[in-house]
Structures are given as structure tokens and as C-alpha cells.
Amino acid sequence: MKKLGELLVQEDSFEEILMGNQALVRAMVETKTLVVTSYPGSPTPEIASAIQDIPQDRQPFYFEFSVNEKVATEVAFGAAINGNLACVFYKSVGLNVALDSFVQLGLFNIIGGMVVVIGDDPGANSSQNEQDNRNIYRMAKVTVMEPASPEEAYAYYKQAAHLAAAHKTVVVLRLTTHVCHARQKIKFAGYQKEKGYKTEFNKENGPYIPLTVLALEMKRLAMERTGRILPFIRKAKLNREIKSADSQGKGIITSGLTWLAVMDVLERSTYRPNLLKLGVTNPLEREGILSFLRSNDQVLILEELDDILENQIKAMAYDQGLTTTIIGKTSDKDFIGEFTPDKTLEKILATWPEMMPGEIKELGQKEKLPAVTVPDRPAQMCPGCGHRSAFFAIKKALGNDDITVADIGCHTLGYMPPYEVGEVLMCMGASPGIAAGLSLNNEKKKVVAFLGDSTFFHAGLPGLINTIFNHHNITLIIMENGTTAMTGHQDHAGGTIKIETLLKGLGIESVLACDTYSQEKLTGLVKHSLEIDGLSVVIARHPCMLKFTRSQRKKPGYVQKHITIDPAICTQAHVCVEAFGCPSFVRNLDGSVGVNADLCLGDGSCRPSCPEKAIGFEKEER
Amino acid sequence: MKEYNIYITGVGGQGIGLLSQTLLRGADHAGLEVMAVDTHGLAQRGGVVVSRIRCGSSVFSPLTLSHHCDLVLGMEIHEALRGLETALKKGGTLVYMALAWQPLPVRLGQCQAVTPENISNACTQLAARSLSVQTSGLADARMHNMALVGTVAKHDLIPGVAKADYTRALKDLLTGDLLVQNLDVFNRYAR
């Protein structure tokens, strides 16, 4: 197989197994998308890694990681009103950050066209909630396409780009986690290279100033535009109906990945209902849906998260006086989690038990295996992680009553045992503000906020500036690892702007910094900072060891070091395994502690934790 | 083939991505209709990683129904048992490595570690075939995944996919020294 980056810009058509996120990049290339922006967040970061895999001299468009999702949206919008087809992509909750700008997009005459790719995360696989952004798409009056598979992600992006450019508007491509990450073989079309950025901005293409009476006029134009989009949806056949010869008057309406779960479950059914798969979920194509309702006695709507389709479809049926029974969500459970094949089966069984054969009903029950509970395996900070040393050291500086506020990033994991540092978490950049609120009229307890370096630039700055402006009494600890680690090591503004310089420029008097492996020093700096009345900042610095070790391993002559525990000195105090908690430690049945050589980096960050100094470095000749 | 489901599980950092892609591409080279999906959440940080591969003419979703997998591959003993309990169907096959990357509750002394005996009891209950893969001879833990691919090839576990298909898949995915080293481990276990 050719290198991914080379395949993605190859002019001839080809067939290849790709991930949904990677297939999208080919669609961007084929549609001549000219500007692409993003802020990293799962489930979408592989879109960026695919783009960055394309050789520098063959980059088909301009790409940037913007400082946050809002700025990314604005950069893409600016490029698009200059006449360039533009795309911005981010994760589900990234839309919250972008919202102020995002809700305006539908109002404008975007002459180049704009596609917003949003990776929603039903099941909250890697997000702090599983919000249903379809609620927001309705409010923003934007057209939304929902692919079910990588193949459809590729095809729908092309449709979205085509629609956005033709109608000078914005189209949302709503992906979900397992559409982004699925892999399948896809036939990709050829294309002709043609690059040329446009600079066609002209205020006559507007109005571009949504103020006073114009705001309402722009809304009217936006609604008119939506009306013009419906014929496109019909023509492009993005909604698909599959009629059954033996439906017994039953029908299912669904969309996205749930559609594939339905198809899988029905492979096992005793009869098949009629099916309507919606490729466009906003605006709804009324005529097609009404005709489907008319041709069935009972219709089950299977949609994960909120009851967006259900409410609209029920309203349509009511207006038309239809007698079709419409079954949607029946309990709170139906609003929670992904509609996996299991959940889809459960819902179909609850609605039409006779549709499924007896043996599959039994399979729904968990096999009765011997009662062995497999211990949970929560995510961990990696071996050698500087955050572990930081939490171990900082905990020693904190009083029992002090309050710790976490933020988003790898350091969030500090909330878990054995550290339990971080007692409240909200969203990106929220920690300085929450800490400030907690500090009000709170003389007895110190309040400490944690913030990662990428998050600092993303959304942490306003909260920090607020603490200066309003004289709040908090200690902020910036966990600086030099990268956006959690989402796969994307660069951030800290490479260009030194945080320490910025903090001093803001006039913060107490800014202290040290490497987190210097644990005693860090404990001292935090203790000192906690005594300061007002804002104090500690930068707890250590490069991301996952990233660092990967780059070290590529160097010739690299030798993997390990630590070793001297059994003659070890008193089995278990501080290393229980309090420092590096995953490289092994707890043996006889109470002794071992080292998992597959995991240990030999970084030695654990050594200060041992009260007996039993941890040493393994001799190199081994 | 109508349907053949594979569930691959282990811990973040064990190379499940490459393992899954090798099987996926191997199945494709053998002419099977095939799709896959990885679920990793925060797994890069030592959490559970699951990858599913589905082959056949009547599969649609990359996700599978519980207890519907013909083959479960476990790269770590705790995850092997977890995978067995949630994914393997009656009479299916488990291939696993008995090595342990102890999960947090075990290291904290709060839970018992899973033993090979736990696995064999669960297999008996499910009338499942079980193959334990020894990796103690492999110096580099990053090649453990190839020991599993080799074992799958040796026992012809995925119907219709031959050793040559996996070799071709590896040649798609790797180059240079990495390819040579991985192929070497694969061949050792496929023999």
C-alpha cells in the first residue's frame, strides 16, 4: 500500500481500506476544499493526522490547528466569504466553544461554501458528556447530513461540499465516534489538481452585518435558503426507503450508524419491516416521511440520544391527521448511550417481540459464566508521566481541607486513586473560574486550580484574567507537557508563546516553575504559593513522556533502561505501587513488588517515592 | 461466508491497532467482505482497547451483538477474560496471551488478579476452544501482536484467509526493518 498521505492526493481513482476520518480527507481533496481548520478532539483527530501525512510540497489546501474551535470556525468562515470552499472540524463539545460564531453561519451568504464536520460522541467514549448537537443544528437552521459508514462519510462530504458551494451556505456533516473510526474498503474517484486561493470578498455579496433590522432580514433569507435545499435532498436521494414484501404494516425510521445496527438485527428477524433511512436530518424532507407514515400502520423511530426526529415526525403526523401509530422513546434509558446492535435489538424486541426468533431473545441474557469479576481498568497516566510526579509532590503540599479543581487533559486523570487530586471538573478552561467562585468567603480552605498548557491557550486565559481583574485568591498550577497530549500530540500555541513570559506580562507577581521530576522542589513551590494572598501560579513542567520516548526510540543505539527493586532493602511499604502508582509496578502474591519490563521506561521518576531507597537503575548490560 | 466476527482486546500500547489492521487486510486479500472498528476512548493511557472485525456478506454495522463473536483475541489475561465474557459465542475460539498488565485495583491490592484457571473454567462453560500463546521468548513486547497473528494463521482460524494473505497485509502496512522484524515473529508463530 502506498503511504496514506500520497494516496490521498493521488489524481487517479483507487480502492483502499480507510478509516472514516481518513476517507473524509480524500473527499476534501476531490471537492477542492481550499482551507481546513480544527482544534484537536476525539473522535476527529485522525482527520488531521491524515492531512499531515500528505507530503508538504503536495498539500492540497491550507490547514491549521487554531487555538480553539471558535477561532477555527472564524478562520474557515473568513476564508469562505473570500470565495474559498472551507471546512472546519472538531469534536462534539467543541461546538459549545464555537457556538457564538457557529449560530451565525446560517445567516450569511458564504460565497465559497463551508462544511462543518462535527464528531458527536454518543456513549461519551471520550468526552465529558454525550450532548446531542442536533438540538443546536435546528436552532442554527443549518442543513445536516448524517453518514452511517466511512463510505458514506466520503460520499456525503462530497454532497455537502457541493450543496454548500451551490447555495453559498454552510452544511454540517454529523459524524459519530464509530463512523469516524470504522474502516472499510472504499472506491475513491479521480480528480484534477487545481489550486488557487480566491480573494473575492466584497461586502456587496452581503449583508454581512447582522444588526438591527438586517438581523431579521438575514434570518428571512436563511429560511428561504433552507427551503431551496429540500429539492436538492430529494434529487440527491440522501434519504433511502427500503420496502419489504412482508412488512406486516410495520416500518422503522432511523439514521446514521443506528441504521446499520437495524440492518444487522433484521438479518435475524422472522419478517422485515419497511425502512426509511434519513441521510439528511435537518431540515426533514416532509413529503417522503409522510408518505412512509401513510404506508405503515406502526412506525418505530430509532434514534440515539434525544427525540429530535420523533417530535418533528409526530407533529407532521398530527397536522395531517394520520392514524399511524408512531413509537419513539419510551423511557429515560432510550435517551442514554449509543444505539449499539444490542440496544437496537432490545428496542425492537420491546416493540415487536414477534419479529425476532426465540434463540436471539436468550442471547440477550448474559451467558452464565463462573462468577469471576474482572477488575476494572481505568485509563492511567503513562509510565514516566510528569503529571504523576506532580500529583505525588503536590499532594504533600495540600492541606486535608484544601479544594482542588481539575480541567480537561491528561492531568484530569489525577482525580483517580491513588492521587485523588481534582474534585470537580466541568469543561475546557473552566478551572480558574470555578476555583475563583469556590474561593469567595472561603478563608479556611485553599483553592487550587489545574490547567493543561494547550487548554491554557484554548479557554483558560479569560478565567485567568478574571482572577487578576477581580483579585481572586487562588493558586493555579499549569501542567505543562509541551503538547496536546490527550488527543495524540498536536502542537499548540505554547511552541510560539512562552506561558511564563505571558503570565509575567499579565502582571502576575508570583509565577514559579520547576520540572515535576524535582518532586521536593515542586512540593516547596506549591507550599509557598498557597501562602500567598491573591493569585499565585506554579508551572509544573515535564515533557510528555509518551511523545518523548517515541522520538528517543527512533534514534540509533537507543537502549531501553529499567528500574529495579532491591529485595534486600525493600520493606514492602508499598508506597511505590500504592501511592506513586506507576502502572509499571507489579504486585506479587507474596507481597513483594516487581517491575513490568514491558512498561517501565527506566525514567526513575518513582525513585524519590521509596522511603527505603530500594529503587535503583538496572545495570545496562542486562 | 455469511458472517464471521472477531473481537480483539488488550491494553492501550500493546499494538492492537496493527494487529487489527493486519487481520482486516488479510481478510480483504482473501476476498472476504470485511469491516472493522477500534474503540479506544482514552486507551492510549493504559485503558482497555477493543477492535472488532466483521467478515461476510450479511454484516452491516462494525459493532457486534454481545456473545456473537466467533473468535476472541486477548493480548492480556484480564482483558482476555473480559472479552470472553462479553463477546465470545458458545463454541467459539479464544486465543490469548497469559501475560498480565495489572489493572489499578490489582496493584492497589483491592482485587484478585485473573488467573489462567479462571480462563479455562470460563472456556469450559462456553464449550470454547482456547489457545494460549507463549511470548516469553520475544524480547520486544511491541511484537506480541505478531505472535497472535501468527497463531491465527497457523490454526487457519479465519475461514478462507491463508498465511500468504497475512504476509501481504503486513507488507501493506510496514516497511524496512520493522517489516522484517514483524514478519520474522509472524512466521515463527505461523509455522
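In the predicted model, the elements of chain B follow the order β-α-β-β-β-α-β-α-α-β-α-α-α from the N terminus. This amounts to 7 helices and 6 strands. The chain opens with a strand and ends with three helices in succession.

The dimensions of chain B fit a compact globule. Its radius of gyration is 16 Å, in agreement with the value near 16 Å expected for a compact globule because the chain has 191 residues. Along the principal axes, the C-alpha atoms of chain B occupy a box of roughly 45 × 40 × 30 Å. Buried positions account for 59% of the 191 residues. Contacts in chain B also span long stretches of sequence: of those between residues at least 6 apart, 64% link residues at least 24 apart.

Chain A is split into four parts: domain 1 (4-236), domain 2 (240-363), domain 3 (386-547) and domain 4 (559-617). The centres of domain 1 and domain 2 of chain A, taken over C-alpha atoms, lie 28 Å apart. Their contact involves 24 residues of domain 1 and 17 residues of domain 2.

On the domain 1 side of this contact, four elements of chain A each supply two or more residues: α6 (134-140), β6 (143-145), α8 (177-180) and α9 (212-236). Helix α9(A) makes the largest contribution, with 5 residues. By class, the domain 1 side that touches domain 2 of chain A comprises 11 nonpolar, 7 polar and 6 charged residues.

Definitions and conventions. Residues numbered from 1 in each chain as written. Chains lettered and ligands numbered in written order. Predicted model: local features only at pLDDT ≥ 70, side-chain atom pairs only at ≥ 80, totals over all residues. Rg over C-alpha atoms; globule rule 2.2 N^0.38 Å. Buried ≥ 20, exposed ≤ 12 C-beta atoms within 10 Å, placed from the backbone. Contact = placed C-beta atoms within 7 Å. Domains from an automatic or database assignment. Nonpolar A, V, L, I, M, F, W, Y, C, P; charged D, E, K, R; others polar.
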